[in-house]
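Biologist: I would like to learn how to read a model like this one, feature by feature. Can we start from a single residue and work outwards?

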Amino acid sequence: MHILHIVGARPNFMKLAPVWRALQGHACFRQTLVHTGQHYDSGMSDIFFQQLGIPPADVNLAVGSGSHAQQTADVMARLEPVVIERKPDLVLVYGDVNSTVAAALVCSKLHIRVGHVEAGLRSGDRAMPEEINRLVTDQLSDLLFTPSEDADANLQREGIAPEKIHRVGNVMIDSLVQLLPAARECPANGFPEKYVLVTLHRPSNVDDGAVLREILSSLLAIADELPVLFPAHPRTQQRITNLGLHTGQLQLLPPLPYVEFLALQSRAVAVITDSGGIQEETTYLGVPCLTVRDSTERPVTVSTGTNILVGQDRNKLGRELRNILQGRAKQGRVPPLWDGRTADRIAEVLQKV
Ligand code: UD1
């Protein structure tokens, strides 16, 4: 069976790597890798390929940045001839980025079976571009690989046939489990012993200057008590620079490679983020996570894990952080099937289709 994988953005890479490796272990699969080029900086892409052991892409569509419509349309227009030429039996798409939905649209119209890895997640917030990507991708997919029970329930509510849904667990945790030993070996590199780790890149937090200014000022208040390390996504860095915002004693860093970032997460007193994947990684690591959003498509990180939604409420952020610093952090457990063997379960399903 010829399987074509399509990835484009940073959070796709840690989901692809274990699946690629698991399929490699079976002679019945031939694999092709397409990178859409949605993320193109070496710090957002190449270094992840290296650390995760992903081979260079067979095809790079080099779409780069653009408006949502532009970027999605570019992936579609450039991917279609590749899929027609390569004739895969099945295409795997990952997560919820623009490249994911664009690829699902192209392949389903070419009558090629689509498998969605990390299907069924819903925040209920259609103002989030990723929510639109998730809804559309899942409707178009033939195989839906879900990480948790809530995802299965979401899909069934939306009328997806139960036989298409395969609960396999959280594939991103496979990469974490594989590289955690390397992260534990990672030198502290002059970082302080106790710190709060921050990442922010959602349009709802960084695109509006007033909102971003308010969030930075809450972080500056935290930095009066404890060092704040802030590896900034390019879009966040651009907004801070363009708006001339004051970052004072916040330790702004460039985007970090996977292993180095995992090391920082595992040693942090707390993580403040608006990322989806980091809510899950902190839950696995048992590190307290405060999420600067009103909703999450990963509710199991709140119900079972260490995650707390603080929205853009500065008082709530301060209050929850104080609880953590005073030793009253929320305790969590690792959800079922977050065991590092999800990609093997995906390979098992694919052997039977
Ligand atoms: C994308 C995903 C988001 C994911 C995030 C992780 C969508 C809708 N969003 O958001 O779900 O959480 O990736 O990183 O697909 N840029 C660079 N270099 C790069 C890539 C981007 O400088 O390698 C800058 C560009 O100015 C670009 C901006 O970042 O316009 C945003 O990039 P884009 O891919 O549109 O979305 P992300 O915010 O990265």
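**From one residue to two domains**

Modeller: Start with R235, which is found in helix 10. Keep in mind that this is a predicted model.

Biologist: How do I read burial here: what is the relative accessible area of R235?

Modeller: Compare the value with two cut-offs: under 20% is buried, over 50% is exposed, and partly exposed is in between. R235 has a relative accessible area of 30%, so R235 is partly exposed.

Biologist: Which residues does R235 touch, leaving out those up to four places away in sequence?

Modeller: R235 touches H201, P203, V206 and D207. One polar contact stands out for reading: the side chain of R235 reaches the backbone oxygen of H201 at 3.4 Å. For a pair farther along the chain, take R235 and M128. They are 107 residues apart in sequence, and their C-alpha atoms are separated by 16 Å.

Biologist: Now a loop residue. Is T306 buried or exposed?

Modeller: T306 has a relative accessible area of 3%, so T306 is buried. T306 sits in the loop between helix 13 (300-303) and strand 13. Its contacts, not counting residues up to four places away in sequence, include T282, T283, G286, V287, P288 and C289. T301, K330 and G332 are also touched by T306.

Biologist: Let us move to helices. What should I check in helix 9?

Modeller: Check length against span. Helix 9 (residues 209-223) has 15 residues. From first C-alpha to last it reaches 21 Å, close to the 21 Å expected at 1.5 Å a residue. Then look at the start: a side-chain oxygen of D208 reaches to within 2.8 Å of the backbone nitrogen of A210.

Biologist: Which residues of helix 9 are buried?

Modeller: First the general idea. An α-helix has 3.6 residues a turn, so residues three or four places apart point the same way. In helix 9, the buried residues are G209, L212, I215, L216, S218, L219, L220, I222 and A223. Their cover includes strand 8, helix 8 (203-206), strand 9, helix 10 (234-243), strand 11 and helix 14 (314-325).

Biologist: Helix 14 appears in that cover. What is its span?

Modeller: Helix 14 has twelve residues and reaches 16 Å from its first C-alpha to its last, close to the 16 Å expected at 1.5 Å a residue. At its start, a side-chain oxygen of D313 reaches to within 2.9 Å of the backbone nitrogen of N315. After helix 14 comes G327, with a positive phi near 80°.

Biologist: What do the buried residues of helix 14 pack against?

Modeller: The buried residues are L317, G318, E320, L321 and I324. They pack against strand 8, helix 9, strand 11, strand 12 and strand 13.

Biologist: Those strands need a map. What is the strand order of the six-stranded sheet?

Modeller: Read an open sheet from edge to edge. The order is 10-9-8-11-12-13, with parallel pairing. Strand 10 (251-253) and strand 13 (307-309) are the edge strands, each pairing on one side only. From one strand to the next, the twist averages 20°.

Biologist: How many bridges join strand 12 and strand 13?

Modeller: Three bridges, in the parallel sense, with strand 12 spanning residues 289-291. T291 stands opposite L309 in strand 13.

Biologist: Which strands does helix 12 lie across?

Modeller: Helix 12 (residues 276-285) lies across strand 8, strand 11 (270-273), strand 12 and strand 13, and runs at about 165° to strand 11. Helix 11 (residues 258-267) lies across strand 8 (196-199) and strand 9 (228-231), at about 130° to strand 8.

Biologist: What is the strand order in the seven-stranded sheet?

Modeller: That open sheet runs 3-2-1-4-5-6-7, with parallel pairing. Strand 3 (59-60) and strand 7 (165-167) each have a single partner strand, so one side of each is left without a neighbour in the sheet. Strand 1 (residues 2-7) and strand 2 (residues 30-35) run parallel, joined by six bridges. I6 stands opposite V34 in strand 2.

Biologist: Last level: how is the chain divided into domains?

Modeller: The domain assignment gives domain 1 (2-169 + 338-352) and domain 2 (182-325). Their centres, taken over C-alpha atoms, are separated by 26 Å. The contact takes 21 residues from domain 1 and 20 residues from domain 2.

How values were computed: Residues are numbered from 1 along each chain as its sequence is written. This is a predicted model: local features need pLDDT of at least 70, side-chain atom pairs count only at pLDDT 80 or more; totals for chains, interfaces and linings use all residues. Side-chain values use heavy atoms; hydrogens and water are left out. Two strands pair if DSSP finds at least two bridges between them. Helices (H or I, at least four residues) and strands (E, at least two) are DSSP runs, numbered from the N terminus. Axes are lines fitted to C-alpha atoms, for helices over the stretch in contact, and angles run from 0 to 180 degrees between N-to-C directions. Contact means heavy atoms within 4.5 Å. The expected span of a helix is 1.5 Å times one less than its number of residues. Buried means under 20% relative accessible area, exposed over 50%, partly exposed in between (1.4 Å probe, protein chains only). A polar contact is a pair of N or O atoms within 3.5 Å; within protein, one must be able to donate a hydrogen and the other to accept it, and residues adjacent in sequence count only if both atoms are side-chain atoms. Domain bounds come from an automatic or database domain assignment.
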